[in-house]
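Please open the model in a viewer and keep the sequence at hand. The tour below proceeds by selection, one stop at a time.

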Amino acid sequence: MKYLTLAAGVMGASAAWAETPELTVYTYDSFVTEWGPGPAIEEGFEAQCGCDLKFVGMGDGAALLARLKLEGARSDADIVLGLDTSLVAAAKETELFAPSGLQADYDLPITWEDEVFVPYDWGYFAFVHGKDLAAPNDFKALAESDLKIVIQDPRSSTPGLGLLMWVKAAYGEDAPEVWSGLADNVVTVTKGWSEAYGLFLEGEADMVLSYTTSPAYHLIAEEDDSKTAALFDEGHYMQIEVAGKLAGSDQPELADQFLQYLVSDAAQSVLPTTNWMYPAVTPEGGLPEGFEGMIQPDKALLVPNGEVPALREEALDEWLTALSR
């Protein structure tokens, strides 16, 4: 009888486990690290969903879309988290995403009217450097200097693609000339942000393509005020990161619940000091102390979503031509 009771208990536990719904979220690698927002968001969402939230890290933001295109409707993902405004139009062209139907009181520099993708944080791209460096104040001054920079590949990284759009938005037809000047400043091109920033911290370059808010990490987490971001006169390109629900998800209601949680105060209050970006919805307690000292661009640059795909090909060709010489 003891054996039968034990067996029945094991079978009951197995059945209960099998009934626990699983939500799979594809995202970028840094989101799921122990210092990223993934662990806290997973814990918070699981506490209220009665589900198993599974984050799958795969490279950088642009790599997510490439992976999704490869998998198509067969993808195991229910949510993709980590695309941005430069990839929204291309993502919609896949017809793999479903409308979110979510409404929120966003605190973004632009009005958000997209019915498919949900913004969760935003920021401005910038070149981060040590405060002891006499930093240039625009791309042309950077190109004329002997400073060494690390950037990310626009084919796999959203910051890398953002840099292409930044130069294109600031210089238009003169972008090839700018890239020609910058080519000898580039020490290396990495697949993603984490690799590039790591090389900068190891002293392999004078500056790294990152965000105006990146120095907040050093200031708040490390009590190190030696890093800052260069303020460029041309303005800074804006990035808004988004999440979207897959049309083929077998957990559509749970996916909707997750997207709603992502813009809740619980999740938004986690993002500033884990993803080191501005939250899409300002938390009730405001921004952490230290964010007020970040540089504020005088001009925000952003290419309309629908114009990015065509402009991307032109800008990518200009970038490849310059760096291959």
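How many salt bridges does the count come to? The count comes to 8 salt bridges in this predicted model. Several of them are visited below, beginning with those of a lysine.

**Stop 1: K168**

Select K168, which is placed in helix 6. Is K168 buried or exposed? With a relative accessible area of 8%, K168 is buried, because the cut-off for that class is under 20%. Display its side chain together with that of E318: the two form a salt bridge, and the closest N and O atoms are 2.7 Å apart. This pair links distant parts of the chain, since K168 belongs to helix 6 and E318 to helix 12 (residues 308–323), 150 residues apart. E318 also counts as buried, at 13% relative accessibility.

Now add E314 to the selection. A polar contact of 2.7 Å joins the side chains of K168 and E314. Together, K168, E314 and E318 are linked in a network of salt bridges. In general, side chains of opposite charge can pair when their charged atoms come close. To complete the surroundings of K168, select A175, L311, E314, A315 and E318, with which K168 is in contact once its neighbours within four places in sequence are left aside.

**Stop 2: helix 6 against helix 12**

Widen the selection to the whole of helix 6 and helix 12. Their axes come within 10 Å and cross at roughly 90 degrees. Helix 6 and helix 12 are therefore roughly perpendicular to each other. On the helix 6 side, the contact is made by L161, L164, M165 and K168. Helix 12 contributes V308, L311, R312, E314, A315, L316, E318 and W319. Colouring these residues by type shows 8 nonpolar, no polar and 4 charged in the contact of helix 6 with helix 12.

While helix 12 is displayed, select R312 and E313. The side chains of E313 and R312 meet in a salt bridge (2.6 Å, N to O). E313 counts as partly exposed, at 46% relative accessibility.

**Stop 3: helix 6 against helix 7**

Keep helix 6 (residues 158–171) on screen and add helix 7 (residues 175–182). The axes of the two helices come within 9 Å and cross at roughly 125 degrees. That angle makes helix 6 oblique to helix 7. Which residues make the contact? From helix 6 they are L163, L164, V167, K168 and Y171, and from helix 7 they are A175, V178 and W179. The residues of this contact divide into 7 nonpolar, no polar and 1 charged.

Two residues of helix 6 recur here: L164 and K168 take part in the contact with helix 7, and L164 and K168 also take part in the contact with helix 12.

**Stop 4: R155 and D153**

Move to R155 and D153, whose side chains meet in a salt bridge (2.8 Å, N to O). R155 counts as partly exposed, at 43% relative accessibility, whereas D153 counts as buried, at 13%.

**Stop 5: helix 9**

Select helix 9 (residues 214–221), where S214, P215, A216 and H218 are buried. What covers the buried residues of helix 9? Display strand 5 (118–130), helix 8 (193–201), strand 8 (207–211) and strand 9 (227–229), which are among the elements that cover them. Just after helix 9, E223 takes a positive phi of about 55 degrees.

**Stop 6: two further positive phi angles**

Select E95, in the loop between helix 4 (88–93) and strand 4 (97–98). E95 has a positive phi of about 60 degrees although it is not a glycine. E95 is exposed, with a relative accessible area of 67%.

Next select W276, in the loop between helix 11 (265–268) and strand 11. W276 likewise is not a glycine and has a positive phi, of about 55 degrees. W276 is buried, with a relative accessible area of 11%.

**Stop 7: G293**

Finish at G293, which lies in the loop between strand 11 (278–279) and strand 12 (300–301). G293 is exposed, with a relative accessible area of 58%. For a last distance, pick the C-alpha atoms of G293 and K69: they are separated by 40 Å, and the two residues are 224 residues apart along the chain.

How values were computed
Residues are numbered from 1 along each chain as its sequence is written. This is a predicted model: local features need pLDDT of at least 70, side-chain atom pairs count only at pLDDT 80 or more; totals for chains, interfaces and linings use all residues. Side-chain values use heavy atoms; hydrogens and water are left out. Axes are lines fitted to C-alpha atoms, for helices over the stretch in contact, and angles run from 0 to 180 degrees between N-to-C directions. Helices (H or I, at least four residues) and strands (E, at least two) are DSSP runs, numbered from the N terminus. Angles under 35 degrees count as roughly parallel, over 145 as roughly antiparallel, 65 to 115 as roughly perpendicular and the rest as oblique. Contact means heavy atoms within 4.5 Å. Ala, Val, Leu, Ile, Met, Phe, Trp, Tyr, Cys and Pro count as nonpolar, Asp, Glu, Lys and Arg as charged, and the others, Gly among them, as polar. Buried means under 20% relative accessible area, exposed over 50%, partly exposed in between (1.4 Å probe, protein chains only). A polar contact is a pair of N or O atoms within 3.5 Å; within protein, one must be able to donate a hydrogen and the other to accept it, and residues adjacent in sequence count only if both atoms are side-chain atoms. A salt bridge is a side-chain nitrogen of Lys or Arg within 4 Å of a carboxyl oxygen of Asp or Glu.
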